[in-house]
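Hi everyone, thanks for making time this morning. I'd like to walk you through one model, so let me put it on the screen.

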Amino acid sequence: MNKIEPNKLFKDAPQQTAMRRATFDRLNIRPGTNYRGRTQDEVYFQKQDGASVEFEVVRRMDFEPEGVFEITCVYTVRRVLSDEYAESDIDFREMLRTYEAKDINMLCGNVFSMMSLVIAQLTQASNNIPMVSPPVYCGVAAKQE
């Protein structure tokens with residue numbers, strides 16, 4: 001499959017975004033333990049309804065070893081295909097595998113900034129220190145080799 005640039009694949013019309021859920025689990029902190037935070041982003045194709053395509057965007061934050069907290073924030077992004085591709089048979093799952101970070105950021109718009117704000121608010125409410133996660137797609141940090 002040839003890579004289709006997201007700025008050509010979708011109309012310039014505003015995208016629709018909706019927060020699906022956010023979970024925050026506060027975990028124990030063991031004294032004398034060094035924790036390393038991880039941020040993982042994933043984008044999944046959900047469905048196509050005519051010329052509209054829906055994706056699910058998931059950000060997970062946790063620590064290695066397990067402790068401190070775990071956060072999952074999920075949004076849906078709905079985009080409208082450009083007229084040129086509206087009738088095309090596109091494998092969106094495969095398309096997402098070919099996209100680089102810049103393509104994912106263009107596809108999802110400001111969803112990663114919204115997730116960053118939600119996560120900062122949740123962590124600030126928990127311990128008065130907001131943890132600001134990247135406002136852009138950062139991929140899967142815990143990907144197995």
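The protein has four helices and four strands, where helices (H or I, at least four residues) and strands (E, at least two) are DSSP runs numbered from the N terminus. Read from the N terminus, the order of elements is α-β-β-β-β-α-α-α. Please keep in mind that this is a predicted model, in which local features need pLDDT of at least 70 and side-chain atom pairs count only at pLDDT 80 or more, while totals for chains, interfaces and linings use all residues. Residues are numbered from 1 along each chain as its sequence is written, and side-chain values use heavy atoms, with hydrogens and water left out.

A few overall figures, then. The C-alpha trace spans about 60 × 35 × 20 Å along its principal axes. There are 145 residues, and 38% of them count as buried, with buried meaning under 20% relative accessible area, exposed over 50%, and partly exposed in between (1.4 Å probe, protein chains only). Take the contacts between residues at least 6 apart in sequence: 72% of these join residues at least 24 apart, a contact being heavy atoms within 4.5 Å.

Now to the sheet. How are the strands ordered? This is an open sheet of four strands, in the order S1-S4-S3-S2, and the pairing is antiparallel; two strands pair if DSSP finds at least two bridges between them. Strand S1 (16–26) and strand S2 (36–49) are at the edges with a single partner strand each, so each has one side without a neighbour in the sheet. From one strand to the next, the twist averages 15°.

Let's go through the pairs. S2 and S3 (residues 52–64) are antiparallel over 13 bridges. Within that pairing, Phe45 has Phe55 in S3 as its bridge partner, and Gly37 stands opposite Phe63 in S3. The hairpin of S2 and S3 has two residues between the strands, and Gly50 there takes a positive phi near 70°.

Moving along, ten bridges join S3 to S4 in the antiparallel sense, and Val57 has Tyr75 in S4 as its bridge partner. S1 and S4 also pair antiparallel, over ten bridges, with Val74 in S4 as the bridge partner of Arg21. What about burial in S4? Ten of its twelve residues are buried, so S4 is largely enclosed by the rest of the structure.

The loop between S3 and S4 deserves a pause. Four residues separate these two strands in their hairpin. Pro65 sits in this loop, and the peptide bond joining Glu64 and Pro65 is cis, with omega about -5°. Val68 is in the loop between S3 and S4 as well, and Val68 has a positive phi of about 70° although it is not a glycine. Is Val68 buried or exposed? Its relative accessibility is 18%, so Val68 counts as buried.

Last, the helices on the sheet. Helix H3 (residues 101–108) packs on the sheet and touches S2, S3 and strand S4 (69–80), its direction making about 70° with that of S4. Helix H4 (residues 111–127) lies across S1, S2, S3 and S4, running at about 155° to S4. For those angles, axes are lines fitted to C-alpha atoms, for helices over the stretch in contact, and the angles run from 0 to 180 degrees between N-to-C directions.

That's my tour, and I'm happy to go back to any part of it.
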